[in-house]
Amino acid sequence: MAEAKVLTEFYHLPEFQTLAGYKAKGGYETLPKALKMQPQQIIDEVKASGLRGRGGAGFPTGMKWGFLPKNGEPRYLLCNADEGEPGTFKDRMMMERAPHQLIEGMIISAFAIGSNKGYIYVRGEYVYPIECLNKAIKEAYAAGLLGKNILGSGFDFDLDVYRGAGAYICGEETGMISSLEGLKGQPKLKPPFPAVQGYLRKPTIVNNVETLAAVTYIIKDGAQAYRKHGTEKSAGTKLFSVSGNVMKPGNYEVPLGYPLMDLIMKECGGMKPGRRLKAIIPGGSSAPVLTAEEVAKANLDYESLAGLGTMLGSGAVIVMDDSQCMVDMLGVLTHFYAHESCGQCTPCREGTGWLNKILHSILEGRGRLQDIDLLIKVADNMKGKTICALSDAAALPVLSFVTKFRDEFEFYVREGRSKVKGTTYAEMHH
Amino acid sequence: MPKCTINGKEVEVKEGTSIIEAMQQSGDRIAHYCWHPGLSVAGVCRLCMVEIEGNPRVQIACNTMVTEGMKINNTSEKVRDAVKWGLDFHLINHPLDCPICDQAGECGLQDQYMEYGKYDPEMAEPKQKKHKVVDLGPTVVLDSERCILCSRCVRFTEEVSKTNELGIFNRGDRSEIGTHDGLELNNKYSLNTVDICPVGALTSKDFRFRQRVWYLKDAETVCNGCATGCSVKVYYNKEGFFRVKPVYNEKVNGHWMCDEGRDIYKFVNREHRLLKAQVRNASGWTEMTAGAAAKNANEVLKNASGDSLALVLTAQYTVEEFDAIVSTFVNEFKTKKVFFWINNKESFDNFDGLLLRGDKNPNTKGLLKVLEKHGITATWSDLSAGLANGSIKTIVVAGPENQAVFPDFAERVKELSKAQNLIWMQSGKNDALMSLTGNVWLIPMKSFVEKDGTFVNHAGLEQKFKKVTTVVSEALTLTEAALLLAGKNLAIPTTAQTFLPLNQREDQVALEARKKNEFVFRRGSL
């Protein structure tokens, strides 16, 4: 099994970014076909394809669309391009290299769900992708692919890019809706779910960039063609953004079910010379870490990774070799989550800060042995106790790092320095 | 009507009832800081955890609706552990300054600690320091370090006062409540944010540090600040009244009251009161008891019956008092010259859409009803004409308790003092009255907390209230005054001990020095 280029086949072509270049490779050929279908047919096709949300949660896309009330109320389609999870950078490439692919996917999806208004919510730091999207949207409007009566079908769809201010939590769908509504980016209580009451209290579908881009392929070649890739329960291909201690970090599209070790050794050129694989976070920084032994057994699909107690998440594979200090690494993660917690729910607001303080006490040589168990206790009590999953995202790495690499934490507490690097935190960072 | 089981008890609730509401209905205690029945559900404090049979994870009770057959408990080890940890998260950055915190004795966090805490703290890290004594506006002070970010105050300004001054700024454990740029918390309902703050983060500038709450007694009554007639609780001790808070009344004020209404306690305290009657004649002012002054006035009144005698009423007395005095004038003194002194005419009919009414009298409807019952149709112009042509020689006035809402007070005093004899009854002191010359009787009256009675609010709702205590022992009710003015003999019981509690709930702490932390009190652990 090798790379399967369903989405990224033409990403190496600079002209694919433009309307002409995209059209030259068959772009916007699926749209007229889709606009002649019944919306329910599109939804059924997406359901049949087994496409699951590529943003992290992995919820079946067609099923999510099916939750929309059938009452003719105005509804919105939001593209989640916030991409704030450390290690994740696949959507950025899609927006830069193939903005029209996303736009076409959004028009088809909007037609399917009956939405006349869509937004692409992009994190504020993504200046160039925003520029690419805006250019492409302008081109699409000029070509009659967006706006009123698209391709004479009678279907209207307007699309805008919304630039977020750069908060991790705005990647959570209800946090994104709050932000889009002009409020502080804070998640909302569910129920009601966005499909029932979302943006401006209207039914709203939030899908990831990769998910929406895949819709075009599914409608073009059919659900079965999509299902040829991947596994029974994890159909299709997936983009993995690989970072860390590998020879060739970058984005790779492989079929779901692809062995994780193959991704590292074959696609990414393996570890750096003289280095051994130590651990991998397979699905963005919120996913529990896998040891090298576990990595050998892991396939890149939802079920295999869940079986190993971790998750596919956004597909951000963070690779660590034997030079990596796990205490230091966890210190970076806890600092990130403490910084990004929106502050709404108490266990998350206080817990992320608490974890960060304990970790930094250890890193700065003030740790106590009981702090290691305290980290576990605090993280355990943050899990599943909040409105959104940020609390879990902060807790899961702590639980997995401390459990799987406890010796490094104990060494650090006892010696006041890293077992791996042999240096103190101050020496490591200065 | 779904039926559910809460801690082993079967409870039937209305469709759409949340678990937390069902638990309140069943009398089960449940911790909650962010949930407030008058506000939207935020679900952020994560303390109202319950276990629902068949659900592996504990759930929040505020945002989970009761469904048929649901089995709920909040006493299991799993829930207690979740709540204990919830409390830990609340406390890690909260200063343990209960001895100086104004909320001590009324603090939800303190109550929770007594129930779930009493363990060794695990937080060894330095606390996140936040701002202290943040001046939010003319009425409220914020101690940000004590704030647990329940967002009740923010939701209040968004949903109830709709003034949107407050927000939560910054993220994570650096989050703090504050006012938006260029704004201060300055709306007509701002002090409700203090009432709903579950900890000591928001405090009232008026009440802050003036009393420890466990040295206060409280009693329910009806606000006499305007025609809405909010249900309120007044807090007092032997030193006087200290604050007023709203009491939930679905028909009148819901959970709230206005800031203006909170000032009503001030007019009740002794320092603002007329403590003794003052009677003035050609030889100057003489001090006497209220009863004696009223009897003394009878000498004048009995010779002034008929059209030369007028009665002026402000709508600040009870229905029973109006009935007594108007009956006396109509039946004993044979006059129907009874006049309604309407204050602030320009804004009398105003309404702010929530609670505050331009009519600053608690009983306008009650007064009008009594006047109608006695067939009284006299208008103020009749009075002015009578004074101008000298036909009205003697006037009895039942003046207002809250003189501040009678902007024409001095003007009316001047107008009414044209009469040969002016018998003025009211509870407060007033310089304009003391500077009068001629024949004047100033008779001290009881305030609304010192008597039983009925107010009829703007909507015609009759609200009975009970006497809270005595502040000015010798002061009269209008009913007593009516009898004395009519020459009847009446024993006015006086007491040397004022501020004794008379209107208390059964479960209320009775002793002045007993700590008013009711949870602790019920457990008897002090």
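**Helix pair in chain A, sheet in chain B**

User: Helices α14 (residues 326-340) and α15 (residues 346-363) of chain A pack with their axes 8 Å apart. Which label fits their relative direction, roughly parallel or roughly antiparallel?

Analyst: This is a predicted model, where local features need pLDDT of at least 70 and side-chain atom pairs count only at pLDDT 80 or more. Residues are numbered from 1 along each chain as its sequence is written. The packing angle is about 150°, with axes fitted to C-alpha atoms over the stretch in contact and angles running from 0 to 180 degrees between N-to-C directions. Angles over 145 degrees count as roughly antiparallel and those under 35 as roughly parallel, so α14(A) to α15(A) is roughly antiparallel.

User: Over in chain B, which strands stand at the edges of the open sheet?

Analyst: Helices (H or I, at least four residues) and strands (E, at least two) are DSSP runs, numbered from the N terminus, and two strands pair if DSSP finds at least two bridges between them. The order is β15-β14-β20-β19-β18-β16-β17 in chain B, with mixed pairing. Each edge strand has a single partner, so one side is left without a neighbour in the sheet; these are β15 (284-288) and β17 (338-340) of chain B.

User: At about what angle does helix α9 of chain B run to β17(B)?

Analyst: Helix α9 (residues 380-388) of chain B lies across β16, β17 and β18 of chain B, contact meaning heavy atoms within 4.5 Å. Its angle to β17(B) is about 125°.

Note on methods
Chains lettered and ligands numbered in written order. Heavy atoms only, no water. Parallel < 35°, antiparallel > 145°, perpendicular 65-115°, else oblique.
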